Amino acid sequence: MTHYDIIIIGAGAAGLMAAATAVQREKQVLILEMGNAPARKVMVSGGGKCNITNMAANADRYFGNNPQFVHSALAQVTPNNILNWANEHKLKPFEKTTGRYFCESGAAAVVNALINDVKPALTLFNTTVTGVIKSDNVFLVETNKGTYKSNSVIVATRGT
């Protein structure tokens with residue numbers, strides 16, 4: 001059984017960005033996605049133009065059982081970081097309305113950039129996670145296709 005540095009559950013925008021960061025740090029990454037394609041919601045966002053970021057993103061706009069949860073994430077990745085990433089990938093972000101940025105290149109170009117950033121990672125589609133067990137500081141991720149082992153697990157699945 002291959003031992004990965006990180007297993008990421010979910011190949012949406014958050015999972016792919018997490019994988020890209022891990023790949024940049026030369027980690028061996030496995031991405032598990034229950035669907036048949038990555039970043040499916042990105043493909044339909046913004047009417048195909050992909051609403052990539054909003055300058056008004058801040059913690060007081062998020063709700064949940066732990067309202068402090070988003071502070072760390074928003075401090076780590078700002079809307080300007082996302083715009084810089086888009087510009088580096090030549091996605092041509094533009095401000096549609098005050099503070100709301102979309103990609104002239106379209107959602108498919110955004111998805112392609114995300115996929116390109118994670119190329120060294122292995123991605124398994126149509127793979128459903130059925131359990132995660134931690135034993136002796138190692139995670140065993142059980143799926144419909146077998147069990148995978150890693151040092152860390154990131155769960156980046158949809159909120160609903």
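## Close-up views of a predicted model

**View 1. Three strands make up an open sheet, in the order β3-β5-β4, with antiparallel pairing.** The edge strands here are β3 (51-54) and β4 (93-97), and each of them pairs on one side only. From one strand to the next, the twist averages 35°. Keep in mind as you explore that this is a predicted model. A general reminder may help here: strands of a sheet pair through backbone hydrogen bonds, and the pairing can be parallel or antiparallel.

**View 2. Strands β4 and β5 run antiparallel to each other.** How many bridges join β4 to β5? There are four, and β5 covers residues 100-103. To find your way along this pair, look for threonine 97, which stands opposite arginine 100 in β5.

**View 3. Phenylalanine 94 and phenylalanine 102 form a tilted aromatic pair.** A search of the whole structure finds one aromatic pair, and this is the one: the ring centres are 6.3 Å from each other, with 35° between the planes. Are the two partners buried or exposed? Phenylalanine 102 counts as buried because its relative accessibility is 2%, whereas phenylalanine 94, at 28%, counts as partly exposed. Another side chain joins the scene: lysine 96 lies over the face of phenylalanine 102, at 4.8 Å from the ring centre.

**View 4. Helix α4 lies across β3, β4 and β5.** This helix spans residues 79-88 and runs at about 145° to β3. Now zoom in on threonine 53, whose place is in strand β3. Its relative accessible area is 11%, so threonine 53 is buried. Which residues does threonine 53 touch, leaving aside those up to four places away in sequence? They are Pro79, Ile82, Leu83, Gly99, Arg100 and Tyr101.

**View 5. Helix α5 has its buried residues on the same side.** The helix runs over residues 107-117, and its buried residues are Ala107, Val110, Val111, Ala113, Leu114 and Asp117. Why do they count as being on the same side of α5? Because they cover an arc of only 160° around the axis. What covers these buried residues includes α1 (13-24), α2 (40-44), α4 and β5.

**View 6. Lysine 90 and aspartate 136 each have a positive phi.** As background, most residues other than glycine have a negative phi. Lysine 90 has a phi of about 55°, although it is not a glycine. You will find lysine 90 in the loop between α4 and β4, and with 66% relative accessibility it counts as exposed. For aspartate 136, phi is near 55°. Aspartate 136 lies in the loop between β7 (129-135) and β8 (138-143), and it is exposed, with a relative accessible area of 73%.

**View 7. Glutamine 28 sits in the loop between α1 and β2 (29-32).** With a relative accessible area of 40%, glutamine 28 is partly exposed. Which residues does glutamine 28 touch, not counting those up to four places away in sequence? Look for Thr2, His3, Tyr4, Asp5 and Ile6. As a last landmark, try valine 132: it is 104 residues from glutamine 28 along the chain, and their C-alpha atoms are separated by 19 Å.

Definitions and conventions. Residues numbered from 1 in each chain as written. Predicted model: local features only at pLDDT ≥ 70, side-chain atom pairs only at ≥ 80, totals over all residues. Heavy atoms only, no water. Phe/Tyr/Trp six-rings, centres within 6.5 Å; stacked < 30°, edge-to-face > 60°. Buried < 20%, exposed > 50% of the residue type's maximum accessible area, 1.4 Å probe, protein only. Lys NZ or Arg CZ within 6 Å of the ring centre and 35° of its normal. Pairing = 2+ DSSP bridges. Helix = DSSP H or I, 4+ residues; strand = E, 2+ residues; numbered from the N terminus. Axes fitted to C-alpha atoms, helices over the stretch in contact; angles between N-to-C directions. Contact = heavy atoms within 4.5 Å. Arc of directions from axis to C-beta.
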